[in-house]
Amino acid sequence: MSEHVARVRAAYAACRSYRDMGEASVTIARGPTPWQRTTQRFPVQTAFVRPARFLLEWKVMGVGPHEEWPHAAAWRNARGLFAWETSVEQAAPRLVSPGSLAEVLERWSPACGGCSTLVPRLLGLIGGDDPLEGLQVAGEDELDGQRAARLEKSLVGGVFVAWIALERPLLLRTFSRLRHSPERDAALRALAARAELPAELRKLVVDAPPVSGERIVETTLFLRPELDPALDDSAFELAPPR
């Protein structure tokens, strides 16, 4: 295991509280020209105080005021676990009654570039496959004035990259690039049938419709994390928008 990954795991497992503001960006390229690329952006914020207080809120960035953007949130406080999400088909936010925090965060993950599950896994709030497993140091970069180790690993049809701050063990950014094609889809389905994929990826492969054309999907998650910030109970009370 990389020393940087070990430090991040230890720091996130031991922190008393956590907060971040960030954004996921998902770009899908269906051909070589600029107009064959589409990009969607998902602002996200997370707050957490041990043992169980938690908040995750994300939006789908669009045109117009942010109140009009699709919007979802899940939070847990002394009163229980709550969640809601907006929809263009409904005038009021749809209240969700999740059986568990993991259930709602994993359901949202494919729709928001994975931003709903990455940090909660590091904090030990939900189970699943560790996204940092298998990373190896590939170099160093400067991100927003911070020196960071760049770590990489190969995926089926692509690559996953993570940047970890050198001064403090903070995950600052992740990037994945995957080439989707009928050939890759067939190879993944063969691996899934032999149970040679991580459980979460295996479910995504089995549940997804067959791939009929080629495309490249690039997903970047930008984070501005804080370990052990002072957070009071008001951080975990969120009223649905009106």
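# Exercises: strands, cores and a cavity

In this predicted model, His71 of strand 4 is the bridge partner of Lys59. Let's start from that pair and work outward.

**Exercise 1.** Follow the strand pairing from strand 2 to strand 6, and give the sense of each pairing.

*Solution.*
- Step 1: Begin with strand 2 and strand 3, which run antiparallel and are joined by six bridges. The link between them is a hairpin of three residues, and Val44 faces Trp58 of strand 3 across the pairing.
- Step 2: Move on to strand 4 (residues 71–77), which pairs with strand 3 over six bridges, again in the antiparallel sense. The Lys59 and His71 bridge that opened this sheet of exercises belongs here.
- Step 3: Strand 4 then pairs with strand 5 (residues 80–85), antiparallel and over six bridges. Two residues make the hairpin between them, and Ala74 has Ala83 of strand 5 opposite.
- Step 4: Finish with strand 6 (residues 94–96), which is antiparallel to strand 5 and joined to it by three bridges. Here Glu85 stands opposite Arg94.

**Exercise 2.** Is strand 3 mostly covered or mostly open, and which residues does its Trp58 touch?

*Solution.*
- Step 1: Look at the strand as a whole. Six of the seven residues in strand 3 (residues 53–59) are buried, so "mostly covered" is the right choice, given that buried means under 20% relative accessible area.
- Step 2: Now list the contacts of Trp58, setting aside residues up to four places away in sequence. They are Phe42, Pro43, Val44, Pro70, His71, Ala72, Trp108, Ala111, Cys112 and Cys115.
- Step 3: Place Trp58 in the wider interior. The largest nonpolar core has 51 residues, and Trp58 is one of those that touch the most other members, along with Tyr12, Tyr18, Leu105, Trp108 and Leu123. Strand 9 (residues 158–165) gives this core its largest share, six residues.
- Step 4: Check for another core. One of seven residues lies apart, with Ala47, Val49, Trp84 and Phe236 among its members.
- Step 5: Compare with the general pattern: in soluble globular proteins, nonpolar side chains tend to be buried together.

**Exercise 3.** Find the largest cavity, name its lining, and describe the setting of Leu221.

*Solution.*
- Step 1: Search the whole structure. One cavity of 30 Å³ or more turns up, and the largest cavity holds about 40 Å³ of space.
- Step 2: Name the lining: Asp20, Val44, Thr46, Cys115, Val119, Leu221 and Leu223. Strand 2 (37–49) and strand 11 (215–227) are the elements that each give two or more of these residues.
- Step 3: Sort the lining by class, which yields five nonpolar, one polar and one charged residues.
- Step 4: Zoom in on Leu221, found in strand 11. Its relative accessible area is 4%, so Leu221 counts as buried.
- Step 5: Add the contacts. Beyond four places in sequence, Leu221 meets Glu23, Ala24, Val44, Cys115, Leu118, Leu172, Arg173 and Thr174. The C-alpha atoms of Leu221 and Phe42 are 9.1 Å apart, although 179 residues separate the two along the chain.

**Exercise 4.** What is the volume of the second largest pocket, and which residues lie closest to its centre?

*Solution.*
- Step 1: Read off the volume, about 320 Å³.
- Step 2: Of its 16 lining residues, Glu67, Glu68, Trp69, Thr86 and Pro241 are the closest to the centre.
- Step 3: Sort the lining by class: seven nonpolar, five polar and four charged residues.

Terms used:
Residues are numbered from 1 along each chain as its sequence is written. This is a predicted model: local features need pLDDT of at least 70, side-chain atom pairs count only at pLDDT 80 or more; totals for chains, interfaces and linings use all residues. Side-chain values use heavy atoms; hydrogens and water are left out. On a 1 Å grid over the protein atoms alone, a cavity is a set of points where a 1.4 Å probe fits but cannot get out, and a pocket is an open set with protein on both sides within 12 Å along at least five of seven lines; lining residues have an atom within 4 Å of a point. Grid points are joined across faces, edges and corners, and a volume is the space filled by probe spheres set on the points. Helices (H or I, at least four residues) and strands (E, at least two) are DSSP runs, numbered from the N terminus. Ala, Val, Leu, Ile, Met, Phe, Trp, Tyr, Cys and Pro count as nonpolar, Asp, Glu, Lys and Arg as charged, and the others, Gly among them, as polar. A nonpolar core is a set of buried Ala, Val, Leu, Ile, Met, Phe, Trp, Tyr and Cys residues joined through side-chain atoms within 4.5 Å. Buried means under 20% relative accessible area, exposed over 50%, partly exposed in between (1.4 Å probe, protein chains only). Contact means heavy atoms within 4.5 Å. Two strands pair if DSSP finds at least two bridges between them.
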